[in-house]
Amino acid sequence: MTPPQDRDAAAAFAPLRPGLVRIAYRMLGSVSDAEDAVQDAFLRWLAADRAAVREPEAFLRRVVTRLALDRLKARRRRRETYLGPWLPEPLVETGEAECDDVTLPLLMALERLSPLERAAFLLHDVFGLDFEEIAATIGREPAACRQLASRARAHIRADRPRYPVAPEQGLAIAEAFFQASRAGDTAALRSLLAADVILYADGGGRAPARKEPTAGRDQVTRFFGRFAPFFAAAPSKLVRYGRINGLPGFVTVERDGILQTTALEIAGGGIVAIYVVRNPDKLRHVAGAAH
């Protein structure tokens, strides 16, 4: 039987869990790693002297951030051997999901930061914490945290969306892109793509995918044109349209039962980037909703 004090701890932790997962995911770019970090934080919460904790939310936020920092530092060596482009694990948003402006391109930009820069930027600019609390969280002086956030902001300024696309317009473009790319309609496809569009496909060596990005309207159009006969012989199964890490896109099941997410970055009315995730290790949390 669960001791009463553990039941009380779980009851206090439960409403804080979604916010803790949001912090961990934006720190790590991985749903599974974020859930693991939050579970580890819960175990530490159970073991803590909770009577001495005046602000449980701030306490747990610090624990989760520190656990995420440890994971960021440990995984850098693994990233060096990753096959092909690396993309964050896709987060397919529901209508009830709490969204912020940490879109997929911004998550990729965060990967270029040091772990401490990433933490300072996210905690201050995204989650609205003051630098005194950030200092207590990451073990630096407030002035140093301010500098970390400023450096991060300068590095990623160009990757923050300035003119977000209205959801209805974005999903209409996603639907048009799906239809044109699967039907081999090169004229329609070209009309949707910006001249400098770039296609990223993350298979991680676990599913077929190009090991280098494909850049330019002509090259991307030809890429999809080569696959038109395959799409005709084995049509993609559309699971749903929706927003993926803040971008319009769709979830599909492709040949050989490969689950795939496609997210589209749109600017000036055209698609400037296509982000495809095929690595099954990154899609486990999506798989249940696809069947």
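Strand E5 (residues 259–267) and strand E6 (residues 270–277) of this predicted model run antiparallel to each other and are joined over 7 bridges. Within this pairing, Leu264 has Ile274 of E6 as its bridge partner. In general, the strands of a sheet pair through backbone hydrogen bonds, in either a parallel or an antiparallel sense.

The two strands belong to an open sheet of 6 strands, whose order is E2-E1-E6-E5-E4-E3 and whose pairing is mixed. At the edges of the sheet stand strand E2 (214–215) and strand E3 (237–244), each of which pairs on one side only. Helix H9 (residues 167–183) packs on this sheet and touches strand E1 (193–202), E3, strand E4 (247–253), E5 and E6, while its direction makes an angle of about 40° with that of E4. Another helix, H11 (residues 217–233), lies across E1, E2 and E6 and runs at about 50° to E1.

Two loop residues deserve a separate look, and the table sets them side by side.

| Residue | Loop | Phi | Relative accessible area |
|---|---|---|---|
| Asn245 | between E3 and E4 | about 50° | 3% |
| Asp256 | between E4 and E5 | near 65° | 76% |

Asn245 has a positive phi although it is not a glycine, and Asp256 likewise shows a positive value in a residue other than glycine. Are these residues buried or exposed? Asn245 counts as buried because its relative accessible area of 3% falls under 20%, whereas Asp256 counts as exposed because its relative accessibility of 76% is over 50%.

Notes. Residues are numbered from 1 along each chain as its sequence is written. This is a predicted model: local features need pLDDT of at least 70, side-chain atom pairs count only at pLDDT 80 or more; totals for chains, interfaces and linings use all residues. Side-chain values use heavy atoms; hydrogens and water are left out. Two strands pair if DSSP finds at least two bridges between them. Helices (H or I, at least four residues) and strands (E, at least two) are DSSP runs, numbered from the N terminus. Contact means heavy atoms within 4.5 Å. Axes are lines fitted to C-alpha atoms, for helices over the stretch in contact, and angles run from 0 to 180 degrees between N-to-C directions. Buried means under 20% relative accessible area, exposed over 50%, partly exposed in between (1.4 Å probe, protein chains only).
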